[in-house]
Amino acid sequence: MKKTAFATALAALFTANVQADTVGLYLGGQLWQSEASGIFGEENTLIDFNLKKEQQINYFVAVEHPFPLLPNVRISSTTLDTTGKTTLPQEFSFGDETFPIGDDVNAYINASYVDYTLYYELFDNGLFSFDFGLTARDFDGSVTVTGKTIIVITFEEEEHLGHPGHVDTVEISTPVTPTGKIKTDEIMPMLYVATNISLPLTGLSVFAQGDFLLIDDHTLYDYQVGLSYGLVDSRMVDFNVTLGYRVVEMEFEDLDNLYTDLEFKGAFVGVIAHF
């Protein structure tokens with residue numbers, strides 16, 4: 001039964017009637033006000049660092065064509081950078097560094113990913129469209145935790161310059177900031193879906209788009225919904241502005257010894273040009 005269903009879905013995918021008459025190039029970008037929340041750390045020790053709201057800049061390029069057997073191509077880039085600070089309620093180990101209970105620590109999340117998506121336009125009648133495909137998410141990120149800077153005092157013996165043979169003990173003060181860091185670089189397969197519904201006589205359309213992880217060990221989804229308004233509609237270029245809401249959920253279980261339960265969500269504004 002599963003083989004029959006798979007064969008039917010595969011046949012539908014490759015015999016889909018692509019509606020595009022010519023090759024089209026799409027360029028777009030977003031300014032996203034993402035609010036971060038959640039916990040992260042190593043196994044059995046996850047901490048809430050009171051992560052801050054940050055502005056992110058995301059962009060994409062896509063190429064669609066009229067050839068039914070060949071998938072369309074979409075490449076997008078997303079950043080997820082934020083910082084936070086907390087007072088540790090317990091001893092916390094992270095990236096080969098241990099921070100004592102009660103320590104004031106800072107967190108820095110510098111993450112980004114590039115999505116390489118191959119998709120088919122399964123349906124498009126001018127008012128409603130539906131896309132389906134697969135995404136390879138190239139995830140590159142680092143998480144850094146730093147504690148209070150402390151002064152480490154060491155003593156060294158130096159020969160006295162004015163009296164050969166005499167040795168002086170010199171005190172040396174060195175500032176040291178305890179730092180733990182975990183870096184990760186993974187490629188994750190995801191399911192891609194997108195739809196667009198035009199509202200006749202308004203210039204508006206409603207859109208939704210999402211990527212969903214296909215691996216059981218982690219939970220990862222990235223979706224957005226919004227409105228698009230056509231400012232320019234000509235033979236040379238279509239230009240739309242967008243307004244919407246985006247959510248990224250990342251629950252990682254031992255991703256290079258990193259454990260997370262993080263959510264980034266918030267409103268965005270964007271532009272899309274179609275040539």
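Here are a few exercises, with worked solutions, on the predicted model above.

**Exercise 1.** Find out which residues have the most contacts inside the largest nonpolar core, and which strand gives the most to this core.

*Solution.* Start with the core itself: it has 33 residues, and Phe 40, Phe 49 and Met 250 have the most contacts inside it. Next, look at the strands. Several of them each supply at least two residues, including S1 (24-42), S8 (128-146) and S14 (238-255). The strand that gives the most is S7, with five residues. Finally, notice that another core lies apart from this one; it has five residues, among them Tyr 119 and Tyr 192.

**Exercise 2.** Take a closer look at Phe 49: what does it touch, and how is its ring arranged with that of Phe 92?

*Solution.* Leaving out residues up to four places away in sequence, Phe 49 touches a set of residues that includes Phe 40, Phe 92, Val 105 and Val 145. Now for the rings. The structure holds 10 aromatic pairs. In one of them, Phe 49 and Phe 92 are 5.8 Å apart centre to centre, with 65° between the planes. Angles over 60 degrees count as edge-to-face, so that is the label for this pair. Phe 49 sits in the loop between S2 (45-48) and S3 (53-64), while Phe 92 is in S5, 43 residues apart. Both Phe 49 and Phe 92 are buried. Ring pairs also link these two with Phe 40, Phe 94 and Phe 99 into a cluster.

**Exercise 3.** Work out how the rings of Tyr 113 and Phe 139 are arranged, and whether these residues are buried or exposed.

*Solution.* First, the geometry: the centres are 6.3 Å apart and the planes are at 20°, so the pair is stacked. Then the location: Tyr 113 is in S7 and Phe 139 in S8, so the pair ties together parts 26 residues apart in sequence. Last, the accessibility: under 20% means buried. Tyr 113 has 1%, so it is buried, and Phe 139 has 4%, so it is buried too.

**Exercise 4.** Trace how S12 pairs with S11 and S13, then place Leu 191.

*Solution.* S11 and S12 pair in the antiparallel sense over 10 bridges; Met 190, for instance, has Leu 213 in S12 as its bridge partner. S12 also pairs with S13 (residues 219-233), again antiparallel, over nine bridges. A hairpin through five residues joins S12 to S13. As for Leu 191, it lies in S11, and its 25% relative accessibility makes it partly exposed. Its contacts include Phe 132, Gly 210 and Phe 212.

Conventions
Residues are numbered from 1 along each chain as its sequence is written. This is a predicted model: local features need pLDDT of at least 70, side-chain atom pairs count only at pLDDT 80 or more; totals for chains, interfaces and linings use all residues. Side-chain values use heavy atoms; hydrogens and water are left out. A nonpolar core is a set of buried Ala, Val, Leu, Ile, Met, Phe, Trp, Tyr and Cys residues joined through side-chain atoms within 4.5 Å. Buried means under 20% relative accessible area, exposed over 50%, partly exposed in between (1.4 Å probe, protein chains only). Helices (H or I, at least four residues) and strands (E, at least two) are DSSP runs, numbered from the N terminus. Contact means heavy atoms within 4.5 Å. Two strands pair if DSSP finds at least two bridges between them. Rings of Phe, Tyr and Trp (its six-membered ring) pair if their centres lie within 6.5 Å; planes under 30 degrees apart count as stacked, over 60 as edge-to-face and the rest as tilted.
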